[in-house]
Amino acid sequence: QVQLVESGGGLVQTGGSLRLSCAASGRTFSDYVMAWFRQAPGKERDFVAKTSGSGRLTLYADSVKGRFTISRDNAKNTVYLQMNSLKPEDTAVYYCAALTAWGSRSGNYWGQGTQVTVSS
């Protein structure tokens with residue numbers, strides 16, 4: 001069992017930045033691929049970014065490539081999402097997820113989500 005708690009969401013203007021954090025507890029953090037997903041109102045939950053257990057591999061959705069950076073600190077059991085050049089279409093609830101395999105399409109464990117709102 002893995003418990004995930006996100007923080008760092010908020011209201012920001014277009015072009016601004018936010019850094020989300022996700023603190024994990026429970027099983028060995030580095031055993032898991034860690035990912036961020038997001039869900040906008042009335043839409044399905046979409047993949048944003050993921051990083052391998054070591055942090056050496058990363059993958060991004062095309063919509064955030066070049067603007068968002070995922071990273072992890074295994075000593076702190078924390079994964080981050082640095083979001084720059086934010087756009088109104090980035091407005092969503094952002095969820096942290098722990099995946100047991102790189103190829104997993106969804107999380108095995110989920111956080112409660114943190115709201116990100118980008119004003120135009």
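Which residues does L81 touch, not counting residues up to four places away in sequence? I listed them from the model, which is predicted: L18, R19, L20, W36, V48, A49, F68, T69, I70 and Y94.

**Entry 1, nonpolar cores.** I then looked up where L81 stands in the packing. The largest nonpolar core has 30 residues, and L81 is one of those that touch the most other members, along with L4, M34, W36, M83 and Y94. W36 and Y94 also appear among the contacts of L81. I checked which strands feed this core. At least two residues each come from strand 1 (2–7), strand 3 (18–26), strand 4, strand 5, strand 7, strand 8, strand 9 and strand 11 (114–119). I also noted a second, separate core of five residues, with V33, A35, A97 and L99 among them.

**Entry 2, disulfide.** I searched for disulfides and found one. C22 and C96 form the link, with 2.1 Å between the sulfur atoms. The torsion about the S-S bond is -75 degrees, and I recorded the link as left-handed. C22 belongs to strand 3 and C96 to strand 9, so the bond ties together parts that are 74 residues apart in sequence. I looked up the accessibility of both ends: C22 is buried at 0%, and C96 is likewise buried, at 0%.

**Entry 3, aromatic pairs.** I counted four aromatic pairs. I wrote down the geometry of the pair F37 and F47: 5.9 Å centre to centre, 75 degrees between the planes, edge-to-face. F37 sits in strand 4 (residues 33–39) and F47 in strand 5 (residues 45–51), so this pair ties together parts that are ten residues apart in sequence. F37 is buried because its relative accessibility is 5%, under the 20% limit. F47, at 29%, is partly exposed.

I did the same for Y95 and W110. Their ring centres are 6.4 Å apart and their planes stand at 85 degrees, so I entered the pair as edge-to-face. Why does this pair tie together parts that are 15 residues apart in sequence? Y95 is in strand 9 (residues 92–99), whereas W110 is in strand 10 (residues 109–110). Y95 is buried at 13% relative accessible area, while W110 is partly exposed at 28%. I then followed the ring pairs onward and found that they link F37, F47, Y95 and W110 into a cluster.

**Entry 4, charges over rings.** I asked what lies over the face of Y95. The residue is R45, at 3.9 Å from the ring centre. Y95 thus has a place in the ring cluster and a charge over its face. I logged a further case at F29, where the charged end of R72 sits over the ring, 4.4 Å from its centre.

**Entry 5, positive phi.** I scanned the backbone for unusual torsions, given that most residues other than glycine have a negative phi. N77 has a positive phi, near 50 degrees. N77 is in the loop between strand 7 (68–73) and strand 8 (78–83), and at 28% relative accessibility N77 is partly exposed. S85 also has a positive phi near 50 degrees. S85 is found in the loop between strand 8 and strand 9. Is S85 buried or partly exposed? At 41% relative accessibility, I entered S85 as partly exposed.

Notes. Residues are numbered from 1 along each chain as its sequence is written. This is a predicted model: local features need pLDDT of at least 70, side-chain atom pairs count only at pLDDT 80 or more; totals for chains, interfaces and linings use all residues. Side-chain values use heavy atoms; hydrogens and water are left out. Rings of Phe, Tyr and Trp (its six-membered ring) pair if their centres lie within 6.5 Å; planes under 30 degrees apart count as stacked, over 60 as edge-to-face and the rest as tilted. Helices (H or I, at least four residues) and strands (E, at least two) are DSSP runs, numbered from the N terminus. Buried means under 20% relative accessible area, exposed over 50%, partly exposed in between (1.4 Å probe, protein chains only). A charge sits over a ring if NZ of Lys or CZ of Arg is within 6 Å of the ring centre and within 35 degrees of the ring normal. A nonpolar core is a set of buried Ala, Val, Leu, Ile, Met, Phe, Trp, Tyr and Cys residues joined through side-chain atoms within 4.5 Å. Contact means heavy atoms within 4.5 Å. A disulfide is a pair of cysteine sulfur atoms within 2.5 Å.
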